[in-house]
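Let's take a walk through this one together, a strand pairing at a time. Have the model open and follow along.

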Amino acid sequence: MEKELNSKCESCGYTLSFDPISQALKCPQCGSVKSIVSKDLPDKKEYNPQSKVEKNEQLSVRFECENCGAKTSASDRVNGVCPYCGSTNVKQLDNSIEFKPDAILPFKISKDEAIEKYRSWLKSKKFVPSKLKSSARLNKIEGIYFPCWDYDFNVNSKIDGVGINIHTRTVTSTINGQQVTRTETYTTRHPFSGTRFDVFTDYLNEASPYLTGSEMRDLGRWTLEGLKVYSPEYLLGFMSSGFDTQLHDSFDMVTRQAKSEITDRAKMQFRYDNYEYINVKSTFNSIMWRYIYLPLWISSYAFNKKTYRFLVNGSTGKVSGKVPRSGWKIFGLVMGILAGVGILAGGIMYLKSKYNF
């Protein structure tokens, strides 16, 4: 079993927390700083049907939200609030053995910075109720590490199909003794075949059921250059979520997603206007993987008795979330567009009647 984590300040005995600004442990009581000894990040592991995640021998406190069912852990302390739904109906579970991440991307965005990012994001939103930006009540914001599978692989693909090109031509015919010219469209079919070689690096697949794929994409690209060898010291002052999607199930999803991306790339490669069908047969090679933790600030705000969740990328500061929309503002925009179209159409009709064209 790993030795017990010493999370106490040597100067005053207060509990240390990881500080995103200094990238070290910091005492919130006296300000003392303790550096984290970094190790060389090992290479990813070769993926095969027998691959499995290493168990973590270090015990940590586990919590379960009785409102949404989210299970989280905290290396040192917890404030009794679920970071996913904001409920205070959180119960402590027995200590349990978790699975150990291979690497962790430490927080770079502090809590204060995350709140400022949220405020700027909210101010930038269009068609929201006028009172939203001044009256939205921010619930407690929590820093949490969420689990993710990180893959490298390359793909050889054989492609065949039938492409469709759309053409136009000018046709002149005689109607009632007068020549009439019109433009018509027609299509041509083009059987094709070929190959592709695609390389995927740091292909991420979220392993938590509480973060959707669309939220993951909205949070922007995760730059993994700052990855560190996992140490529980990075979790001090934060929470973490265990994975729900198993490694092999995750890779099955990744292969489907990658095949869809390869199909889209193949369509751009052959450049037809449309496709009658396209077949892509792919072989995945040199598959490597690791289990990592990524940083996320998660909170919500209340407006008009409704709660809206938002997320802040703990590495880049990118914000993702939903906002209420003002039906009156959207209606005003639509009416403005229609009025503009009406004025334009009226102007054209006036010019036609005046100048007879």
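Start at G163: straight across from this glycine, in β11, sits H190. Keep in mind that you're looking at a predicted model. That pair belongs to a long run of partners, since strand β10 (residues 142–175) and strand β11 (residues 178–206) are joined by 27 bridges and run antiparallel. Follow β10 to its end and you reach a hairpin, with two residues between β10 and β11. One to look at in that turn is N176, whose phi is positive, about 55°.

Now head back toward the N terminus for another bit of sheet. Here three strands make up an open sheet, ordered β1-β2-β3, and their pairing is antiparallel. Which strands stand at the edges? They're β1 (17–19) and β3 (33–34); each has a single partner strand, so one side of each has no neighbour in the sheet. Strand β2 (residues 24–26) is held to β3 by two bridges, again antiparallel. If you want to see the register, find K26: its bridge partner in β3 is V33.

Last stop is S282, which you'll find in strand β14 (residues 274–303). Is this serine buried or exposed? With a relative accessible area of 18%, S282 counts as buried, because the cut-off for that label is under 20%. Its side chain has a polar partner too: the side chain of S157 makes a polar contact with that of S282 at 2.8 Å. Leaving aside residues up to four places away in sequence, S282 touches V155, N156 and S157, plus K259 and I262.

Technical notes: Residues are numbered from 1 along each chain as its sequence is written. This is a predicted model: local features need pLDDT of at least 70, side-chain atom pairs count only at pLDDT 80 or more; totals for chains, interfaces and linings use all residues. Side-chain values use heavy atoms; hydrogens and water are left out. Two strands pair if DSSP finds at least two bridges between them. Helices (H or I, at least four residues) and strands (E, at least two) are DSSP runs, numbered from the N terminus. Buried means under 20% relative accessible area, exposed over 50%, partly exposed in between (1.4 Å probe, protein chains only). A polar contact is a pair of N or O atoms within 3.5 Å; within protein, one must be able to donate a hydrogen and the other to accept it, and residues adjacent in sequence count only if both atoms are side-chain atoms. Contact means heavy atoms within 4.5 Å.
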